[in-house]
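Q: Could you take a close look at one helix and its surroundings in this model, and then place that part in the wider chain?

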Amino acid sequence: MQTGHEFSKRETTMDITGMVSLKHWGERPSQAKPCANMNRQVDCGWGNLIFSQTFNQDTQLTEVLRDETHGQRNIALYVRNPQVLVSQYPQELFLDPSLTYRLDLSASIRPDIPKGLVIEPAAVADEYAINRIYKSRHMIPVREGYLSSLDANDSVIMLVAREVGSGDIVGVITGVDHQQAFNDPDNGSSLWALATDSQTSWSGLGKALIQALAAHFKSQGRSFMDLSVMHDNHQAIALYEHLGFKAIPVYCIKNRNAVNEKLYTGQQPPQTLNIYARIIIEEACRRGIAVDIQDAEQGFFSLSLGGRTIHCRESLTDLTSAVAMSLCSDKAVTHRVLNQVGLSVPEQISPKNSSDLLDFLHQHQRLVIKPANGEQGDHVFVDLSDEGSVLDAWKQVCSTGDTAIAEQFVEGQDLRIVVINYQVVAASIRIPARITGNGQDDIQTLIEKQSHRRSKATGGESYIPLDSETLRCIADAGFSLADILPCGQTLTVRKTANLHTGGTMTDVTQKLHPQLADAAEKAAKALNIPVVGLDMMVDAPDKPAYHIIEANERPGLANHEPQPTAERLIDLLFPQTQPS
């Protein structure tokens with residue numbers, strides 16, 4: 001197709017003296033004249049992408065860049081003399097510490113899309129799912145109604161990766177067509193806001209989305225596709241370079257705002273803080289609350305504002321009494337307290353001997369064996385039905401020195417409800433660790449890869465242990481670690497849905513049945529605890545039937561995106577800082 005500018009050889013896309021998008025000093029290339037004084041910017045939903053090569057006057061460029069909506073982020077790309085531009089407003093603007101890469105689109109591109117997925121343009125109804133992924137990656141979501149504003153003639157295209165069976169969205173990418181935006185003399189395009197679901201078991205998603213977007217722009221006759229990546233995102237850079245991207249001398253200018261703060265202040269919480277402490281501390285810092293970290297490894301810190309200081313261990317604070325904590329930490333006591341106020345709980349005993357245990361097994365057929373004071377899914381054995389497995393699990397729990405509990409196994413979906421200040425803030429279905437076959441890797445390799453992804457997404461908090469429980473689940477499904485899992489087939493490798501053992505979460509707050517919400521709030525009041533995570537087994541999140549399994553006095557507030565868990569905790573601790 002005719003594009004307005006012909007390229008005779010492949011090297012032209014890297015011509016730093018002849019291309020408008022690359023020459024950022026001295027005289028402008030002659031072909032820059034057609035796009036001069038266009039002052040072009042493109043609305044990307046999270047902010048505006050400003051094409052600096054279409055501005056002749058720096059004053060006009062800085063005016064557009066600084067005209068930013070609260071909570072959004074404007075980006076000026078292809079800036080000429082970036083140091084000069086920043087010097088005009090040094091207290092407001094900064095040079096983004098990112099690198100820019102370019103992919104030449106003249107080569108053949110064949111997207112490697114995993115079987116069981118499709119990559120297609122986003123639909124209006126996908127907006128909530130897309131924003132959930134962005135928030136889980138701590139990225140800016142697109143504003144409400146943005147997708148409905150896009151049409152086929154727009155310079156912006158948003159692609160999603162969708163599971164064929166469930167229809168769930170597991171990845172998203174945005175592309176901007178520069179030719180369509182301002183008749184770009186360089187005939188370019190760019191990639192933005194690539195994100196994959198931090199909880200998915202699919203591998204190769206990012207690569208597939210990048211290739212699909214590149215193939216789209218190639219089909220439109222574009223010559224190259226650019227992207228911007230943080231200088232220390234080594235894993236992403238390695239992927240881009242593997243796909244053929246080359247570094248180019250292009251720079252970004254952004255505003256000094258709350259969204260970008262960590263990029264220009266250099267003052268961030270210690271990396272040893274886990275995500276459950278970090279999410280709270282970051283929200284406190286945003287509100288001007290002083291933070292003093294006592295023990296980063298264990299998540300102990302204090303928050304101070306004015307004359308008020310609150311001591312915390314992640315979401316456990318001074319506001320939770322020692323009595324309330326004791327009621328939650330002993331699962332047998334929790335069970336009795338909730339049962340006394342009429343809440344539904346499974347039958348449970350603390351067997352004194354093997355005879356008690358086996359009698360309980362014969363009564364209920366399927367059991368859960370767990371420690372009375374355990375946490376993070378350690379030594380929890382689920383859905384045991386034969387005497388040998390039950391006795392062995394009981395002995396393993398007893399060997400830890402803790403009291404062993406036998407509980408009626410309740411079938412259903414594993415629901416976590418977070419209650420803060422006696423109101424439901426978030427609800428998520430917890431899904432046990434699982435892997436998806438690619439037809440090439442054996443089960444052990446798939447587990448190791450998924451475990452690595454979960455660890456990276458949770459700051460090292462979540463991984464899949466290759467222990468006896470994992471081996472039991474694999475064997476029950478008829479496989480061994482050395483077997484090749486068929487492409488697209490999903491295998492659940494743990495019975496428990498605990499995040500610390502590789503489980504994932506799906507937000508269901510909007511569809512939560514009122515009776516489930518009422519039961520969670522009633523449980524929090526019965527335990528007299530202002531911050532608690534209730535674990536329930538339910539038929540479905542939008543149905544009323546439930547059994548409360550446990551109450552957690554220190555619930556993890558991360559991974560509940562898009563629900564404002566950390567915000568509501570700081571509201572409770574420092575109500576005077578709530579946004580007006």
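A: Here is a walk around helix H3, followed by some other local spots and the overall picture.

First, the ground rules. This is a predicted model, so local features need pLDDT of at least 70 and side-chain atom pairs count only at pLDDT 80 or more, while totals for chains, interfaces and linings use all residues. Residues are numbered from 1 along each chain as its sequence is written, and side-chain values use heavy atoms, with hydrogens and water left out.

Helix H3 covers residues 127-136. Helices here are DSSP runs of H or I with at least four residues, strands are runs of E with at least two, and both are numbered from the N terminus. Seven of the 10 residues of H3 are buried, so the helix is largely enclosed by the rest of the structure. Buried means under 20% relative accessible area, exposed means over 50%, and partly exposed is in between (1.4 Å probe, protein chains only). The buried set is Glu127, Ile130, Asn131, Arg132, Ile133, Tyr134 and Ser136. Their cover includes helix H4 (146-149) and strands S7 (156-163), S8 (169-177), S9 (188-196) and S25 (504-507).

Just past the helix comes histidine 138, in the loop between H3 and H4. Its phi is near 60°, a positive value in a residue other than glycine. Unlike the buried residues of H3, histidine 138 counts as exposed, at 59% relative accessibility.

Valine 118 sits in strand S6 (residues 117-121). This valine is partly exposed, with a relative accessible area of 33%. Setting aside residues up to four places away in sequence, valine 118 touches Val160, Ala161, Arg162 and Val164, where contact means heavy atoms within 4.5 Å. The C-alpha atoms of valine 118 and isoleucine 169, 51 residues apart along the chain, are separated by 9.7 Å.

For another helix, try H11 (residues 331-340), whose buried residues are Lys331, Ala332, Thr334, His335, Val337 and Leu338. They pack against several elements, among them helix H10 (322-329), strand S18 (367-371) and helix H16 (514-527). Aspartate 330 caps the N-terminal end of H11, with a side-chain oxygen 3.0 Å from the backbone nitrogen of alanine 332. After H11 comes glycine 342, with a positive phi near 85°.

A few loops deserve a glance too. Threonine 54, in the loop between strand S2 (48-51) and helix H1 (58-66), is buried, with a relative accessible area of 0%. Leaving aside neighbours within four places in sequence, its contacts include Cys35, Arg40 and Phe182. Asparagine 528 has a positive phi of about 55° although it is not a glycine, and its place is the loop between H16 and strand S26 (531-538). The peptide bond from glutamate 561 to proline 562 is cis, with omega near 10°.

Zooming out, the protein chain has 17 helices and 27 strands. Its radius of gyration is 27 Å, close to the 25 Å that the globule rule gives for 580 residues, so the chain is as compact as a globular protein of that length. That radius is taken over C-alpha atoms, and the rule is 2.2 Å times the number of residues to the power 0.38. Of the 580 residues, 52% count as buried. Residues 24 or more positions apart account for 69% of the contacts with a separation of 6 or more.

Note on methods: Polar contact = N/O pair within 3.5 Å; in protein donor to acceptor, adjacent residues only side chain to side chain.
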